[in-house]
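Trainee: I should like to study this structure by question and answer. May we begin with the ligand and its surroundings?

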Amino acid sequence: MKRTFYITTPIYYVNDVPHIGHAYTTIACDALARHHRMKGQKVFFLTGSDEHGEKVQKSATQQGVGPRELADRVVTRFQGLSPALDITNDDFIRTTEPRHYASVQELFRKSLRNGDIYLGEYEGWYCTPCESYWTDLQLVDGKCPECRRAADRRKEPSFFFRLSKYQRPLLDHYRKNPSFIRPESRRNEVVSFVEGGLNDLSVSRTSLSWGIPVPDHPGHVIYVWYDALTNYITGVGYPDGGERFETFWPADIHMVGKDILRFHAVFWPAFLMSAGVAPPLGVFAHGWWTVEGQKMSKSLGNVVDPYEMVETYGADAFRYFLLREVPFGSDGDFSRKALVHRINSDLANDFGNLLNRTLGMLGKYFAGTVPVPSTAEEEDLALFARATETVRAADAAMENVEFHNALSAIWDLVKAGNRYVDASAPWVLAKDPAKRARLGTVLYNILEATRISVLLTAPFLPGAAQKMWEALGCEGPVAAANLYEAGAWGGLRSGITLPKSAVAFPRIED
Ligand code: MSP
């Protein structure tokens, strides 16, 4: 196993406040970061904000403020997602920070020096009111696709990145690293795109001033995607190098939405190769959410606010729903009904109930003291085997970035725990003093299966898992437990006294 793990979210545009799509990527990264920490790896988890470029400039102008002022205001809404959603990022990078200017300019300079970035002329359809260039394909009936006014043919001097030169190296890189782009269907899309040929890419603008200046060419600002992608190396200390860079670069996973895969899987590795920096090890593209069957949009008024979700349902339930409902990589539909259903059936009925009924019986039959297990019977052995297999299956699913499969394996264990209770009927055993030892064994086993389930849910339900962990008398933060050590059967200590019931998941009335 690799000793380190570096994971990143995209950096979010500060032209508008966060919605479910932003929360989704960040939560997915957080679950992975937590899982890898529990495997004993040294983890670095980076998120941040994308503050330059036309989008932010335009939105600021519309609101009658400067772009910096807008960024300063909106960025707090993104930073606030971490405490609200229980996100454990190690750093939050803003592209307006001096460390990032130094990094972008250094990377750019490297390619300027070796001739991969050269001065040319950019030509396109320019809409003056929108201050935007459009391609032939983007125009609608020959007009600006945004304001529907006439666009003029216009040229401006621009620096270009020699992307065409990297067609072969990129295809070789994809071939040699089959898991560089995941899921596989997305990989095939990217490969066909690159096989179709690559044009050099315009990487500077003179028509915009809100950005990082091209070194030694103050009239040009660096293209916002060149600037933004570079955050992933700035975050670990580029260009100064140092221990963090040595330890964590190349990143293990850049997690992105499917709409921005091309930037990450084509442009970014090419920029890095040109500058002599290793490309990342992997890019994973996830799907998009619709809301109650419709595309999410401001005009429809159906934008899902993550803060509101946390207030109404709690961070654990929201996190759980997003990662359980849809196979990661596919598109999905968000609905309150589906969310409430998951809370009631999976969290309250299956999981919460397992813990509560077990603690209830322990209180009633053993005054809350965890018994010493004796001889294991066949059904006991089946439960241990299931628990051990679940640790392996959940770990394997997480390695494949299949959250839904990890959770469904964990829930199979939870359900097996509930079936074990029903089948061994402690309330019947309790009536017969001769069965006292058997009753103790059964209760120990259920508690132990519950403990292992709680351990495995910690990356997904950090708040609830911690409370349940404590209710089972386990010491320290569950987030700091080692998956393999704490996941081994028999970790629960006999002889300690547990409370009668625990805070589980309350049912929600539909
Ligand atoms: N700033 C760029 C990323 C630069 S990374 C070097 C950007 N920002 S964004 O704020 O517009 O979007 C960030 C992420 O949100 C993207 O990964 C995008 O896929 C995701 N989503 C936006 N809407 C979404 C849904 N409706 N559903 C799921 N994810 C969505 O792009």
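**The ligand shell, a helix and a sheet**

Mentor: Strand S1 supplies the largest share of the shell around the ligand, namely four residues. Please keep in mind that this is a predicted model.

Trainee: Which residue has a side-chain N or O atom 2.7 Å from a nitrogen atom of the ligand?

Mentor: Two other polar contacts involve an oxygen atom of the ligand: one lies 3.1 Å from an N or O atom in the side chain of His22, and one lies 2.9 Å from a polar backbone atom of Gly257. The contact of 2.7 Å from a ligand nitrogen is made by the side chain of Asp50.

Trainee: How much of the area that the ligand exposes when taken alone does the protein bury?

Mentor: Taken alone, the ligand exposes 670 Å². Of that area, the protein buries 93%.

Trainee: Where on helix H12 do its buried residues lie?

Mentor: Helix H12 spans residues 306-313, and its buried residues are Pro306, Tyr307, Met309 and Tyr313. Seen down the axis of H12, these fall within an arc of 160°, so they line one face of the helix.

Trainee: Which residue caps the N-terminal end of H12?

Mentor: The cap is recognised by a side-chain oxygen that lies 2.8 Å from the backbone nitrogen of Tyr307. That oxygen belongs to Asp305.

Trainee: Which strands stand at the edges of the open sheet?

Mentor: Four strands form this sheet in the order S5-S4-S6-S8, with antiparallel pairing. Each edge strand has a single partner strand, so one side of each is left without a neighbour in the sheet. The edge strands are S5 and S8.

Terms used. Residues are numbered from 1 along each chain as its sequence is written. This is a predicted model: local features need pLDDT of at least 70, side-chain atom pairs count only at pLDDT 80 or more; totals for chains, interfaces and linings use all residues. Side-chain values use heavy atoms; hydrogens and water are left out. Buried means under 20% relative accessible area, exposed over 50%, partly exposed in between (1.4 Å probe, protein chains only). Helices (H or I, at least four residues) and strands (E, at least two) are DSSP runs, numbered from the N terminus. The arc is that of the directions from the helix axis to the C-beta atoms. A polar contact is a pair of N or O atoms within 3.5 Å; within protein, one must be able to donate a hydrogen and the other to accept it, and residues adjacent in sequence count only if both atoms are side-chain atoms. Two strands pair if DSSP finds at least two bridges between them. Accessible areas come from the Shrake-Rupley method with a 1.4 Å probe; for residues, only the protein chains shown count as cover.
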